[in-house]
Amino acid sequence: MTGHTGYWAFLAHRVSGILLTLFLPAHFFALGSALEGEAAFDTFLAWTERPLVKFAEWGIVLLLAAHLGGGLRVLALEFLPWRNWQKGLAALAAAMAIAVSLAFALGL
C-alpha cells in the first residue's frame with residue numbers, strides 16, 4: 001500500500017497540515033511582538049533576516065502549497081469520478097508546490 005501514489009499524496013497532505021499547525025504558535029509570537037511596540041517588532045524583523053529563518057520561510061511556503069494541493073485533491077476525490085490519469089495529478093501538485101516555494105525563495 002505504501003507504494004500507491006494516493007497514499008503518498010494523503011501522507012503529504014496530513015504531514016503538511018500537522019507541521020503548519022506547529023508553526024502557528026511561532027506566528028502568533030511574531031504578531032505579539034508587534035503589540036509590544038515598534039522596537040520589539042523591529043528586533044524580531046531583524047532576526048528574520050538570518051539565512052536559516054529565510055530557509056524556514058521557504059519551507060512554510062512549500063508546506064502551504066503542498067497542503068493546498070492536497071486539499072484540492074481531496075475535494076476532487078469527493079466530488080469528481082476517479083480516473084487513472086488523475087494519479088498524475090498528485091505528481092503535478094507536488095511539482096507545483098515545489099515551484100511555488102522556489103519562486104518565493106528566489107523573490108519572483
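The largest pocket is lined by 26 residues, and those nearest its centre are Gly69, Gly70, Leu89, Ala93 and Ala94. The structure is a predicted model. The space in this largest pocket comes to about 540 Å³. Three helices each supply at least two residues of its lining: H1 (5-35), H3 (51-79) and H4 (87-105). Sorted by class, the lining of the largest pocket holds 21 nonpolar residues, four polar ones and one charged one.

The second largest pocket contains about 350 Å³ of space. Its lining consists of Phe23, Ala26, His27, Phe29, Ala30, Phe44, Trp47, Thr48, Val53, Ala56, Glu57 and Ile60. Here H1, H2 (38-47) and H3 are the helices that each contribute at least two lining residues. H1 gives the largest share, five residues. By class, nine residues of this lining are nonpolar, two are polar and one is charged.

**Aromatic pairs**

A pair of aromatic rings is described by the distance of the centres and the angle of the planes. The count for this model is five aromatic pairs. In one of them, the rings of Tyr7 and Trp8 have centres 5.5 Å apart and planes at 75°, so the pair is edge-to-face; planes over 60 degrees apart fall in that class. Tyr7 has a relative accessibility of 24% and therefore counts as partly exposed. Trp8, at 47%, also counts as partly exposed. Another pair, Phe44 with Trp47, is tilted, with 5.8 Å from centre to centre and 35° between the planes.

Phe44 and Trp47 both belong to helix H2, where they are three residues apart, about one turn of the helix. Both residues also appear in the lining of the second largest pocket. How do they differ in exposure, buried or partly exposed? Phe44 counts as buried because its relative accessibility is 19%, and the limit for buried is under 20%. Trp47 has a relative accessible area of 39% and is partly exposed.

Which residues do ring pairs link into a cluster? The cluster is made up of Tyr7, Trp8 and Phe10.

**Salt bridges**

Side chains of opposite charge can pair when their charged atoms come close. A search of the whole structure gives two salt bridges. They are listed below with the distance between the closest N and O atoms.

| Acidic residue | Basic residue | Closest N and O atoms |
|---|---|---|
| Glu49 | Lys54 | 3.9 Å |
| Glu57 | Lys54 | 3.8 Å |

Both distances satisfy the cut-off, which is within 4 Å. Glu57 and Lys54 both lie in helix H3, three residues apart, about one turn of the helix. Lys54 is partly exposed, with a relative accessible area of 37%. Glu57, with 28%, is partly exposed. Since they share partners, the salt bridges join Glu49, Lys54 and Glu57 into one network. Glu49 has a relative accessibility of 54% and therefore counts as exposed, the threshold for that class being over 50%.

Glu57 has a place in the pocket description too, as it is among the residues lining the second largest pocket. The lining of that pocket contains one charged residue, and Glu belongs to the charged class. Glu57 is therefore the charged residue of this lining.

Methods. Residues numbered from 1 in each chain as written. Predicted model: local features only at pLDDT ≥ 70, side-chain atom pairs only at ≥ 80, totals over all residues. Heavy atoms only, no water. 1 Å grid on protein atoms, 1.4 Å probe; cavity = no way out; pocket = protein on both sides within 12 Å on 5 of 7 lines; lining within 4 Å. Points joined across faces, edges and corners; volume = space filled by probe spheres on them. Helix = DSSP H or I, 4+ residues; strand = E, 2+ residues; numbered from the N terminus. Phe/Tyr/Trp six-rings, centres within 6.5 Å; stacked < 30°, edge-to-face > 60°. Buried < 20%, exposed > 50% of the residue type's maximum accessible area, 1.4 Å probe, protein only. Salt bridge = Lys/Arg side-chain N within 4 Å of Asp/Glu carboxyl O.
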